[in-house]
Structure formats: C-alpha cells, structure tokens
Amino acid sequence: MKALNLRSIGLALLAPAIAIVVSVLVTTLVIAAVGSSPGDFWSAMFSNPLPRLRVNIVNQTATYYIAAVAAAIGFRMGLFNIGLEGQYTLASYAAAAFGGGAYLSGFANVLVSILIAIAVGAAWAGVAAVLKTTRGVSEVISTIMLNSIAVFLVGYLLNRYGVHIGNSVRTTTLAPSSNVPGFTPYLARDGEIWGLSLLAVVVGVGFWVLLNKTRFGFDLRASGMSPTAALASGINPNRMIITAMMLSGGVAGLIWLPALFGGAGAYGTSFQSGLGFIGISVALLGRNRPLGMLFGALLFAFLDTQSNTLTFSTNVPPSIVQITEGIAVLAVVVAFEVVRRWRARLEQRSVGQKPVAATEASA
Amino acid sequence: MSTTTKPSSPSLVSRVKRAARANWLFISLGAIAIVSLVRIVTDTNDLTSVGTIRAAIIATCPILMAALGGLWAERAGVVNIGLEGQMILGTWGAAYFTYHGGNPWIGVLGAALLGMIGGLLHAVATVTFGVDHIVSGVAINLIGLGATTYLAAATFPDLNGGGPRQLIGLDSPGQINKVPGISDAAQNVADKHWFFISDIASFIAALTTKISLLSLVIFALVALSAWILWKTPFGLRLRSCGENPQAAETLGVNVYLYKYVAVLISGALAGIGGGFLALVSSSGFNVGQTGGRGYIGLAAMIFGNWRPGGLLLGALTFGYTDALRLRDAHAVHALLLLVALGLLALAVLRLVRRQFAGAITMGLLGAAILTWFLSTESVPRDFTSMTPYVTTLFVLALGTQRLRMPAADGIPYRKGSAG
C-alpha cells in the first residue's frame, strides 16, 4: 500500500517535471539558434531578484492567481471561459469609474467598487452562459467575441466619460482615502505589496472550500468529470453552467483591483491587459488545483518580472519568456496525458498480474 | 428514408444539391439587393463604391484564409483555436522570408511554412497525445505571439526598415492593374449608381482593377479546397475522420495521417493569411498585427456552417463591415438601416415558416435598430468596430440550432478505439 502511494506521488510529480525539462530545453535551443548565449540567459534569470523586483513578483503572483482561479472555476466543470479578458476589462473599468466618482468615502467606496466589479464581471460572463443554455452557442466562440466587444465598449465609455489629458484618457483618479494601504517590506522606493493582494488568499481558500467542502463544489466536479453521470444524479446542467460561468466572471472582475486600489488609482494607460490569458495559462499549468495554480502563478510572475533584467545583462529579448511559458503550458498538458496513459497501462498490468481465482484475468 | 431506395434517388440528390447551391446564390443576390436599396435610400454611394469593395476584399482575405484553415482542421475532427497563433507566426515568416529571399512569393511560402510549424505543434498535441483541442489551441496562441515577439526582436532590429517590433518597406506580390475592356466598362456602370446593376458592376470593377495576385490565389485556394474536400477520394476520407473516425479506421483509413495532413494544411493556410496582412494589407510586419482575425475566421467558418461557400460569405460579411468602418462615417450610419432591414427580413421569413418566437425577437431587434437609425445622425467609431463581433454573436444565437458541425469534431480519438 505504501509503495503504491509513493509511486502515485511520483507519477503525479512526473508530468510537471517533464514539462519543466522540456520548456527549459526548448528555450535553450531557441536562444542558441539565434546565436545568443543560453548560459548568460539562465544566469540572469536565476540571479537573486532586486528588492523592487521581489515586491513586483509578489504583486504579480497575487494578480495571476486570482485570474487563474477565475479560469479554473469554469475548467473544473469543462467550461472554457476564454472571456476572462473581457470580463475583467469591463469590471476594472466599472470599478475605477465608480470609485473615481467618489459617491462614497474611504472604505465603503472600496467595498462597493469591489462588489460592482464582481457584478459586472459576472454579468458579462452571464451573457455567454445564457447564450449557451438557451441557444446552444459554444462558450468558446461567444466569450472570444465578448472579449473584443468589451474592449471597444470600454474604449467608447472612456472616450465619452473619461478625463482627457493630452493624448491619453483615463477615469477620474481615486481619492487618497480610497487607496488601500499596502505593506512595505523594503525601502519605500522599492514599492509596496498591494493591500488587496489579500484578495488572492481569499479567492484561493474560497475556491478550495467551495470545491471540496460544499455540495455545489461536488456538483461542479461531477459535471466536469462526467456530464451524463451528473445529469443522471439529478444535477441541473443549465443551472450549473450559469452559476459556474457567473462565478468565474465574478472572480475575474477582481483581477486588476489590487493594482487599481494599490497605486494605479485610475483606469487608463496603467491598465494591464492580457491578464485573462495569463490566468488561463496558469490554471492549465496548475491543473486547476488551488496549490498547483499558486506554483504556476509564482513561476509566471517570476519569469515575467525577471525577464526585465535581461536587457541589461544579455542580448536576449525579454519576450523569450513568453515562449518558455507557452511551451510549459503545452508540455504540461501533453505530459499529463502521457502519464495518464502510462498509469492506466501500469494499473491494467498490475491487475492482470494479481493471482486472481477467477478465470478471466486477462485484462 | 425508404424513398431513397428507389431508382430515382440520383435525381433527388442532384435536385437537393441544386437547391442548396441556388440557396447560397439567392442569399448573396438578396444581400446585394438590400445593400443597394439602402445605398439609394440613404444616398451613401460609398456603401458599394469600387474603393469600398476593394478595401473589403483586402480585409476579407486574411479572415478567409483563417476560416479555410479552420475548415480543413475541423472537417478532419480537430478544433483549431490556434489559428490566431499560426496566423501571427505567418506574419513573421512572410516578413523574414520576403526580406532574405528577395521575393514576396518566397515570403508567402515562408508564411505558410511558419503557420505549418504552428499546425504541427497542434497536431502533435491533439492527434498523437490526445490533449484537449481547446487547451492546445490556447497554448499555441501563446507560443505564436511569444515566438513572433521574440523572433522579431532577435532578427529585425539590424535590417533596413526594421525595428524590434516591426519590419517595414517589404515588397508586395504583384497586382493586376487592369483587365482590358472589363475594368473600365464596369467602372463606368458603377459610377451611374443604378439600383442593383451598379453594385454588381462595382464588384466586378474591384475584382478586375488593382487587385493583388495574392488575393486571387486566396480565392483560388478556397475553390481548390472545396474541390479537394468534396470531390476527391482523399477529401472523402479526410471528412470521414471528422464524422466518424472509428468507422474510417475500420475501412482502412489511416486516421492519424489524415488528421496530421489536415492540421498542417490548416496551419499553412492560416499562415498565408498572416502573410497577406504583412505583405498586402499593410506595407510591412508589426507585432500583433493580426488583431484577433484568426478568431474572426473561426467565427466565419461556424457562420458558414463548416462549408466553403458559407465561410466565403461569412468572411465577406466581416471583411465588408471591417472595411466600411474605416471609410465614410456616413456609410456606417447607413449600415444600421442595413442591419435593421436584414433583421426585419429574417423576421418575416420566420413568420412565414411559423417560427413565432424567433420572428418576434428579430422583429423587435430590427425595430429597435431602425429607431436608433432614425433618431441619430452618426454612430460612434467604437460601436462600428464592434460590428463584426456583435454580428457573429447574433448569427450564432439565431442560427446555432441550424448549424451542423462534423460529428466527431473536437473529440480526442485514439487509434484502435474502434475495437
């Protein structure tokens, strides 16, 4: 029994290990292929990050993690919410516009802005969910379309109602009382860890509890593993689709809020786009598991932040890490599939070898 | 069912085929007639001017290539969300090989090659390893964008007209300036602004005047694909892998091989679409210049019900709205009337078919848009940019139940699973 446990742990770690080896190998080859030095690259990447970068890594990890959880809620029941990008763009704008309007003060303003972001994200995801349940439209295509629509919609709203300064436009800046205080681990000039980064902890713990300790979580996992079995055991698929999709969108609404209330102060040029797709990647990398995604978010944040130092010490363009990340995601899903097939064969063989009294031991 | 056993079945089949073909023609001509009507009512001749149609063709070509790439893959049962990534790879390939090969056609081949590499990655992941097709596609898009950004930064800064994120001043594939006798005559008729006839003439004029050879190649590729997929034994086998791979396997079809070929061709076509963007649509390569056209292509293919004629119509619709928003703002406002009339026409069609729920929904939408048209003078630019995406959503919402994708599309298949 114990040996079996050890083996299954080994098998579980095998896939990520393969993926890391493959992505390191491919990255090295790509760098060597254009005539740069892979050695310089890796030593720059794994040098000890400066305090400023360490703060960045923590902040980005939190952001990526929230995005990953948002993606994972859908993935766990086989829903591909590719629309995180649109959901958090629209939600971030709504929160920034409301927060900047200063209808409330201080803490209440922050709280209501967060709720608005959740509601807007959930509503935008809800459009795709309703289209799927009532009209049978694949959520993959509809969310991709909704992504683009959201970007143009925000562009329009920003142009119409935003504050124009020179060529740029942004929402009204938050009142200082609405900035959520952060935590400064080093000197002030090294920046601070955003206060709302704690949202990542809340979201992560909440995701774990939801999945493992609630009826809804069980239904969610059941629907993902076998839609037919879920239906047979009385789970309403349409209700699950709408709830899961809106939950995913609601969490997506939180993605950019730590940055907004931690210093950005307004929706404008400082808005970080692309986090939705990073969230999807991190969720895939972490196999939609709360802990796995934490590792994935940390890895991506580390790579992205450290790559900024490349321009100083090497001639390797920082965008190389995007290749590393993409290959890692692809390698992880391939490796898991390979290990799964291999494990299935091992189990079949061990069943076959057992001294079974029955005559049909040929499995 | 039982009627098909009668000897008269061939004529029935051909009758159905003729009806289906007539249907596409009918839809196209009807669409042109409505556009023409709107043009005259709103007095916006730019709606179907030769310039607009030419811009529309240029905007259509990349979308068309992505859609055609999607068709190849999905007909073989592989969903290819990675079209966007393969297209992005194609833009770099076109730029690199045009610059170093000294000929834009070498660039086109380079674009196809790079797109094919993206397709190969997708095929290895989905066919050999049975990874979920959407997951693999999302990863391919990441890799495509990352690789292109990196490769551009690593290879272009030292070149003439190059920078870390661009390479401008590339040669374009040649173009046909004029077809003697046709171009001028068509242009003349188009300038008369007659109902319907001038619109058709605009179309002919745009197709025969200053049209890129690559555009013609792309249209030829659509026809060629249609022929290969539906008229050859190879195409039949390929499509059988998308409908029922187990059955295909029992008939001796090498399913993996066909899926690989299909996905490689899919990637190559998407790559050529990217190449078109870098060589014809604009005067050079820019990081991220695809702007989601791979996704739009996928939508055009679904819009076209996984058929070549349909996806051509879908790509033209998207290309047309895309071209129109860059031109006269007045023309865009006229587009509202067009959409409203289109919806009302569909509502009447539903009413005739006694589908009342659909008729009411579309009638109300049409009326709302008509009100919008009558009560405003112009449409904000951002809303115009949304048009293709909103159109796709509408079409999918209204038409999904009538679409039929290949039966085994997107389902991982393993050799030997037929038992």
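Q: Which residue is the bridge partner of Ile168(B) in strand 5 of chain B?
A: Gly284(B). Bear in mind that this is a predicted model.

Q: What sheet does strand 5 of chain B belong to?
A: An open one in chain B, built from three strands in the order 1-2-5. The pairing is antiparallel.

Q: Which strands stand at the edges?
A: Strand 1 (162-163) and strand 5 (284-286) of chain B. Each has a single partner strand, so one side of each is left without a neighbour in the sheet.

Q: And how many bridges pair strand 2 with strand 5 in chain B?
A: Three. Strand 2 of chain B covers residues 166-168, and the sense is antiparallel.

Q: What holds paired strands together in general?
A: Strands of a sheet pair through backbone hydrogen bonds.

Q: Which helix lies across strand 2 and strand 5 of chain B?
A: Helix 3 of chain B, residues 83-101. The helix runs at about 140° to strand 5 of chain B.

Q: Zooming out, what is the secondary structure of chain B?
A: 16 helices and five strands.

Q: How does the radius of gyration of chain B sit against a compact globule?
A: It agrees. Chain B has 22 Å, and a compact globule with 419 residues would have a value near 22 Å. Along the principal axes, the C-alpha atoms of chain B fill a box of roughly 70 × 60 × 40 Å. Buried residues make up 52% of the chain.

Q: Switching to chain A: how many helices and strands?
A: 15 helices and two strands. The radius of gyration of chain A is 23 Å, close to the 21 Å that the globule rule gives for 363 residues, so chain A is as compact as a globular protein of that length.

Q: What does the C-alpha trace of chain A span?
A: About 80 × 55 × 35 Å along its principal axes. Of the 363 residues of chain A, 49% count as buried. Take contacts in chain A between residues at least 6 apart in sequence: 76% of them join residues at least 24 apart.

Q: How many residues of each chain are in contact with the other?
A: 38 of chain B, with 34 of chain A. On the chain B side, helix 5 (133-155), helix 12 (293-303) and helix 16 (381-399) each supply at least two residues.

Q: Which of those gives the largest share?
A: Helix 5 of chain B, with 15 residues. By type, the side of chain B that touches chain A divides into 27 nonpolar, 10 polar and one charged.

Q: What does Ile327(A) touch?
A: Val22(A), Ser23(A), Val26(A) and Ile143(B), leaving out residues up to four places away in sequence. Ile327(A) is in helix 15 of chain A, residues 320-353.

Q: Is Ile327(A) buried or exposed?
A: Buried, because it has 24 C-beta neighbours inside 10 Å; the cut-off is 20 or more.

Q: How far apart are the C-alpha atoms of Ile327(A) and Phe302(A)?
A: They are separated by 16 Å, with the two residues 25 apart along the chain.

Q: Last one, helix 10 of chain A: what should it span?
A: 22 Å, for 16 residues (237-252) at 1.5 Å a residue. Its end C-alpha atoms are 22 Å apart, which agrees.

Q: Which of its residues are buried?
A: Among them are Met240(A), Ile241(A), Ala244(A) and Leu247(A). The buried residues of helix 10 of chain A pack against several helices of chain A, including helix 3 (51-75), helix 5 (106-135) and helix 12 (275-285).

Methods:
Residues are numbered from 1 along each chain as its sequence is written. Chains are lettered from A and ligands numbered from 1 in the order in which they are written. This is a predicted model: local features need pLDDT of at least 70, side-chain atom pairs count only at pLDDT 80 or more; totals for chains, interfaces and linings use all residues. Helices (H or I, at least four residues) and strands (E, at least two) are DSSP runs, numbered from the N terminus. The radius of gyration is taken over C-alpha atoms; the globule rule is 2.2 Å times the number of residues to the power 0.38. A residue is buried if 20 or more other C-beta atoms lie within 10 Å of its own, exposed if 12 or fewer, and partly exposed in between; C-beta atoms are placed from the backbone. Two residues are in contact if their C-beta atoms, placed from the backbone, lie within 7 Å. Two strands pair if DSSP finds at least two bridges between them. Axes are lines fitted to C-alpha atoms, for helices over the stretch in contact, and angles run from 0 to 180 degrees between N-to-C directions. Ala, Val, Leu, Ile, Met, Phe, Trp, Tyr, Cys and Pro count as nonpolar, Asp, Glu, Lys and Arg as charged, and the others, Gly among them, as polar. The expected span of a helix is 1.5 Å times one less than its number of residues.
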